[in-house]
Amino acid sequence: MKIYSLIFCLFVFVIESNAQSNIVRNSGAEAGNGDCEVILNTKFNANNQKVDHWANPRNPFVLQYIYQCGTSDVICNSSNVYNGERALYIHINPNADKGYWKEFVVNELASGGVHINHEYYFKARLKFNSSNYNLSDVGIMFSENHPKQKKISKGGKLFDAGTTYNVYLNSSMSTTAGINGFIEVSLNFKYFGLLDLGYMTIGEFKEGSNPGFYIDDIELFDIGLFEDCPQVKYIQNTIQISTVEDADQQLFAGTNVGAPFPATTGEVKIAYGGNVVYKAGEEVILDTGFQTLPGANFLAYIAPCEENPCQGVSSMPTKEYELCSGSPQNISTDFVPTPHYTVKWNPTTHLTINDPYSPIFTPPSGTGVATYLVSFTDPCGTTGYQLIRISYTDGSVAPSITLTNQVLDEYNFSFDFIPQPESEWLEIDIKRKSDGLIVFSTSRMYYNDDYGNPFHFSAPCYILGLSVCYDYEVIVRTKNVCLPDIVTEVIDWNRSSYCTPKPQILTAPLPNVITPNGDGSNDIYCIEVCGAEAYEIEVFNRWDASIYQSSGKVCNKNVCLWNGNTNSGNAAVDGQYELIIKISGCGNSEEPPQKSVTLLR
């Protein structure tokens, strides 16, 4: 059977020719002096037993050889070995007493590891401890450095690996069980990175429910530099995920299409979740054994090699609609209809999507705002987005502003805004009176998306241009759906009028005792200030040694300076202390005489 032209479905991973040697050192775990009958220990191994070229992630507390945590990681002469005398065991226990238990094995690859712009073929035999395993939780990480692992328990993650490239397995990549119940897993991939990667780590990279597995005969072939556009390309016995395959004349894909080693006569699957493009100058031939799985995005077409099917997709600015009649209406995205591109709306509530570029919106009764995220994806999996916001109503109501719970003093300005059901948007600005500069703005906020009922507003404590040295206007604007009117309320916030000169310490006399015993009285040393923007304090003991320093912004007229602790957080002992206090604001400062304070707990 031969299929020409174009198709739809999805996933990636490829294979071609020019076989090289296996670059996994000691791929069957056979070489080494490990005694398989010994239960090896995490922190101590008297015989220095090891399996050559295989290690666990390095850790200051764990030796680098293949053993961990009371269970031998080297299995010998048993039904859990595929070939030879040994296999590696990767121990995973989702129900361990100390939390999720996870091990990995690391191989320092031969030939310098995985190289930039090379294509690779991976094959291994796996056997799980349970039939209820999920192959997609198992992954292969190629890394610049030998990775480390802080803890094996609690799902210990890898770190210090440098640049990495991950490949995940998939159930469609495996064959049926063979010798001793092992399955064979194989896949192809192309490495497009910026650095060569010398280490390969195998384990469960997703936190699933797998109970551990045995792995044997691990092979990785460097097929060599992949050609951007060979004259003829063969794709055979492979799983593919997110790739573009080019041929100058012909591209063949199927069970037995003539691909040289390491390809074998197996199916070509475009798997779930990927994006794959086949492109050739004369013909794309999809032969017996080619298949696309559900949830895939696959495109095959005729085009020159130099044509780039992955131009990328730019996101679009937010688009707004205002529907006032209560009747259904077409809405549209700004993405241009393009063959083989995918358009999706999320959510799809109140939409009738006969045309994905221009669905029909049927407004519900009443007033509200509906928001949709439109995704636009090219055949290579690149996605752009556009936000569509629809304000609707079946009746118009003039806007009004209702503010409650207002607080206004030198340091604080806050209120609750009570929106009408027909509210569309709200905006709050703080403008400096002396020069008209907007020093703070919420920008336009939309009802239900950005604010609800009520909406609490509180001016920030400190931003550039907002201080106790100036006077301000707080400007509140709002608009309702389907009416052009914008209603505005302006509130004076005269911060500079509270005291002159600035700054001042209003507490007189300063407290001379602090009793941090938790009874709510004098637990913290506090003072009242006016016109202050910042404070500093330093505390000395009776030997004139500094035990505490602190500084910060003043955001309230009551400034609490010391809780009776030292800089290290320890409780200071009872006794006499000297406090040096300084406040500053509006270009001036005040520093009262050194104050003696008694601390009693």
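Me: Which residues does Q594 touch, not counting those up to four places away in sequence?
Reply: In this predicted model, Q594 touches E578, L579 and I580, with residues up to four places away in sequence not counted.

Me: What does the side chain of Q594 do with the side chain of E578?
Reply: The two side chains make a polar contact, at 3.2 Å.

Me: And L579, how far apart are Q594 and L579 in sequence and in space?
Reply: They are 15 residues apart in sequence, and their C-alpha atoms are 5.8 Å apart in space.

Me: Where is Q594 found, and is Q594 buried or exposed?
Reply: Q594 is found in the loop between β46 (588-590) and β47 (595-599). Its relative accessibility is 47%, so Q594 counts as partly exposed; the exposed class needs over 50%.

Me: Switching to E424. Which strand is E424 found in?
Reply: E424 is found in strand β33, residues 423-432.

Me: Is E424 buried or exposed?
Reply: E424 counts as buried because its relative accessibility is 5%.

Me: Which side chain does E424 make a polar contact with?
Reply: The side chain of K479, at 2.7 Å.

Me: What else is E424 in contact with, leaving aside neighbours within four places in sequence?
Reply: Besides K479, the list has E322, S391, M445, Y446, Y447, Y451, N480, V481 and C482.

Me: Now strand β20. How many of its residues are buried?
Reply: 6 of the 6 residues in β20 (275-280) are buried, so the strand is mostly covered.

Me: Which residues are on each side of β20?
Reply: N275, V277 and K279 are on one side, and V276, Y278 and A280 are on the other. Both faces are covered. In a regular strand, side chains alternate between the two faces of the sheet.

Me: Which strands pair with β20, and in what sense?
Reply: Strand β17 (residues 243-247) pairs with β20 in the parallel sense over 5 bridges. Strand β23 (residues 297-302) also runs parallel to β20, joined by 6 bridges.

Me: Which bridge partners can you give me for T243 and N275?
Reply: T243 has V276 in β20 as its bridge partner, and N275 has N297 in β23.

Me: There is an open sheet with β25, β28 and β27. What is the pairing?
Reply: The pairing is antiparallel, and the 3 strands come in the order β25-β28-β27.

Me: Why is one side of β25 and of β27 left without a neighbour in the sheet?
Reply: β25 (329-330) and β27 (351-352) stand at the edges, and each has a single partner strand, so one side of each has no neighbour in the sheet.

Me: How many bridges join β27 to β28?
Reply: 2 bridges join β27 to β28 (residues 360-361). T352 stands opposite I360 in β28.

Me: Backbone oddities next. Where are the cis peptide bonds in the loop between β38 and β39?
Reply: One joins T500 and P501, with omega about -5 degrees. Another joins K502 and P503, with omega about -10 degrees. P501 is found in the loop between β38 (486-494) and β39 (504-505), and P503 lies in that loop too. Most peptide bonds are trans.

Me: What is phi for A29 and S111?
Reply: A29 has a positive phi of about 60 degrees although it is not a glycine. S111, also a residue other than glycine, has a positive phi near 60 degrees.

Me: Are A29 and S111 buried or exposed?
Reply: A29 counts as buried, at 2% relative accessibility, in the segment before β1 (54-55). S111 counts as exposed, at 53%, in the loop between β6 (104-108) and β7 (118-128).

Note on methods:
Residues numbered from 1 in each chain as written. Predicted model: local features only at pLDDT ≥ 70, side-chain atom pairs only at ≥ 80, totals over all residues. Heavy atoms only, no water. Helix = DSSP H or I, 4+ residues; strand = E, 2+ residues; numbered from the N terminus. Buried < 20%, exposed > 50% of the residue type's maximum accessible area, 1.4 Å probe, protein only. Contact = heavy atoms within 4.5 Å. Polar contact = N/O pair within 3.5 Å; in protein donor to acceptor, adjacent residues only side chain to side chain. Pairing = 2+ DSSP bridges.
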